[in-house]
Amino acid sequence: MGHACGADCGHDHDHGHDSHHDHGHADHVHAADGSCCGHDHSHGPKHIYVYSPSGAVRDKAAFKRGIRQLEAMGHQVEVDADALASSQRFAGDDATRLAAIHRAAASGADVALISRGGYGLTRILPGIKYKTVAKAIAKGTQFVGLSDFTAFQLAMLAQTGATTWAGPVVNADFGVDTREGGEVDDIMLDCFADLLSGQGEGAGWQMPKVGELPNGKPQLKDFYVPGGATLWGGNLAVLVSLLGTPYFPQIEGGVLFLEDVGEHPYKIERMLNQLLLAGVLQKQKAIVLGQFTEFKLNTHDKGFKLQTVIDWLRMQLKRPVLQGLPFGHVPTKVLLPVGAQVSLSVEGRDALIYWGHTH
């Protein structure tokens with residue numbers, strides 16, 4: 001998957017532009033083995049607020065392991081009073097989960113971290129006090145999560161322009177059962193440490209080898225998008241569910257990143273086609289595909305697979321479509337600032353999203 005957090009992927013990203021476009025100054029690199037860049041991550045303990053705005057926490061053991069992991073890293077972890085609440089499939093009823101979001105905003109924490117995704121945020125979007133949450137973000141609380149959390153992130157961006165972080169959750173990422181031979185992913189931990197220290201500057205990765213498109217054209221040419229493109233996106237199914245609502249950001253000239261889990265490639269194509277027919281994809285500078293996992297092909301597909309969908313999308317769009325971003329429902333994930341201004345470059349198979357210091 002190549003390197004992850006950091007900004008310098010070993011290439012000169014000058015591309016013949018003025019020297020201020022050369023990211024060679026950004027020496028914050030994490031290699032694929034998770035080894036660090038030499039930045040000092042010993043930035044002291046941080047206040048992390050853990051809450052549950054979506055699905056109920058069924059795996060209490062993973063939740064406890066996640067809290068212990070964060071505490072073992074030296075942080076002060078505050079667990080929301082209703083973090084383990086349960087009502088049907090949700091972490092408490094709608095009012096309970098709304099209150100948890102607002103408590104997270106009022107906590108003064110450095111990071112507000114969700115326990116897990118699931119489902120539940122889209123149904124409470126009208127009740128969120130967006131200006132209140134945006135003020136908390138402005139004061140330094142970073143809201144982090146993925147999956148169902150995409151609804152919150154896009155709504156925040158659409159309503160206030162505030163930046164949140166696509167990143168790990170307590171249960172699946174920090175709550176790995178090490179007794180079963182698992183381990184908390186090093187690259188994810190390094191990226192999380194970068195966020196806490198304010199030193200994250202970008203994410204670089206190596207894209208998979210792909211040949212020509214069915215029409216004989218090359219899959220991807222080298223290109224460069226200078227800073228000023230809004231990075232946005234997240235879970236594809238959740239994002240598409242917001243189309244036509246006040247919670248769907250109207251982004252032009254942006255960099256849209258997408259991931260999903262448990263969706264068959266034809267469903268992924270159908271959702272991408274909806275974004276295409278709605279004119280969303282054509283307005284972006286680039287589409288960046290993360291990890292699409294846990295689906296099952298069947299005999300009816302007759303060779304129709306995920307790469308088929310990506311090839312089809314590339315033939316529909318005059319915009320670059322990147323793949324292989326280390327983000328999604330996978331252990332190795334980078335953290336991405338949803339709503340931040342970024343630059344993007346591709347040289348051969350090496351891709352880099354760069355945002356510089358965000359706080």
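Gly234 stands opposite Leu258 in β8. The model examined here is predicted, and this residue pair is a convenient way into its sheet.

**The sheet around β8**

Strand β7 covers residues 223-235 and pairs with β8 in the parallel sense, over 5 bridges. β8 is also joined to β9 by 6 bridges, and these two strands again run parallel. Within that pairing, Val261 has Thr293 of β9 opposite it. The connection from β8 to β9 involves a helix: β8, α8 and β9 make a right-handed β-α-β unit.

How far is β8, residues 255-261, enclosed by the rest of the structure? Of its 7 residues, 6 are buried, so the strand is largely enclosed. The cut-off behind this statement is a relative accessible area under 20%.

β8 belongs to an open sheet of 7 strands, arranged in the order β6-β13-β12-β7-β8-β9-β10, with mixed pairing. β6 (202-206) and β10 are the edge strands, each of them pairing on one side only. Strands of a sheet pair through backbone hydrogen bonds, in either the parallel or the antiparallel sense. At the β6 edge the sense is antiparallel: 5 bridges join β6 to strand β13, residues 350-354. Gly202 has Tyr354 as its bridge partner in β13.

**Helix α9**

Helix α9 spans residues 306-316, and its buried residues are Leu306, Val309, Ile310, Asp311, Trp312, Leu313 and Arg314. Which elements do the buried residues of α9 pack against? They pack against α8 (265-277), β9 (286-293) and β10 (321-322). Two of these partners, α8 and β9, are also parts of the right-handed β-α-β unit with β8. The third, β10, is an edge strand of the sheet.

An α-helix has 3.6 residues a turn, so residues three or four places apart point the same way. In α9, the buried set includes Leu306, Val309, Ile310 and Leu313. The charged residues Asp311 and Arg314 are buried in this helix as well.

**Pockets**

Rolling a probe the size of a water molecule over the atoms shows where empty space is left. The table sets out two pockets, with volume and lining.

| Pocket | Volume | Lining residues | Lining by class |
|---|---|---|---|
| Largest | about 370 Å³ | 16 residues | 8 nonpolar, 2 polar, 6 charged |
| Second largest | about 300 Å³ | 18 residues | 7 nonpolar, 6 polar, 5 charged |

In the largest pocket, the lining residues closest to the centre are Leu213, Pro218, Gln219, Arg314 and Leu317. Arg314 is thus found in two settings: it is one of the buried residues of α9, and it is among the residues closest to the centre of the largest pocket. For the second largest pocket, the residues nearest the centre are Leu146, Val169, Ala172, Asp173 and His329.

**Loop residues with positive phi**

Gln88 has a positive phi of about 55° although it is not a glycine. Gln88 sits in the loop that lies between β2 (76-79) and α2 (94-106). Is Gln88 buried or exposed? Gln88 is exposed, at a relative accessible area of 66%.

Glu294 is likewise not a glycine, and its phi is positive, at about 60°. Its loop runs between β9 and α9. Glu294 is exposed too, with a relative accessible area of 65%. Thr293, which stands opposite Val261, is in β9, whereas Glu294 is in the loop between β9 and α9.

Notes
Residues are numbered from 1 along each chain as its sequence is written. This is a predicted model: local features need pLDDT of at least 70, side-chain atom pairs count only at pLDDT 80 or more; totals for chains, interfaces and linings use all residues. Side-chain values use heavy atoms; hydrogens and water are left out. Buried means under 20% relative accessible area, exposed over 50%, partly exposed in between (1.4 Å probe, protein chains only). Helices (H or I, at least four residues) and strands (E, at least two) are DSSP runs, numbered from the N terminus. Contact means heavy atoms within 4.5 Å. Two strands pair if DSSP finds at least two bridges between them. A crossover is right-handed if, with the strands pointing away from the viewer, the path from the first strand over the helix to the second runs clockwise. On a 1 Å grid over the protein atoms alone, a cavity is a set of points where a 1.4 Å probe fits but cannot get out, and a pocket is an open set with protein on both sides within 12 Å along at least five of seven lines; lining residues have an atom within 4 Å of a point. Grid points are joined across faces, edges and corners, and a volume is the space filled by probe spheres set on the points.
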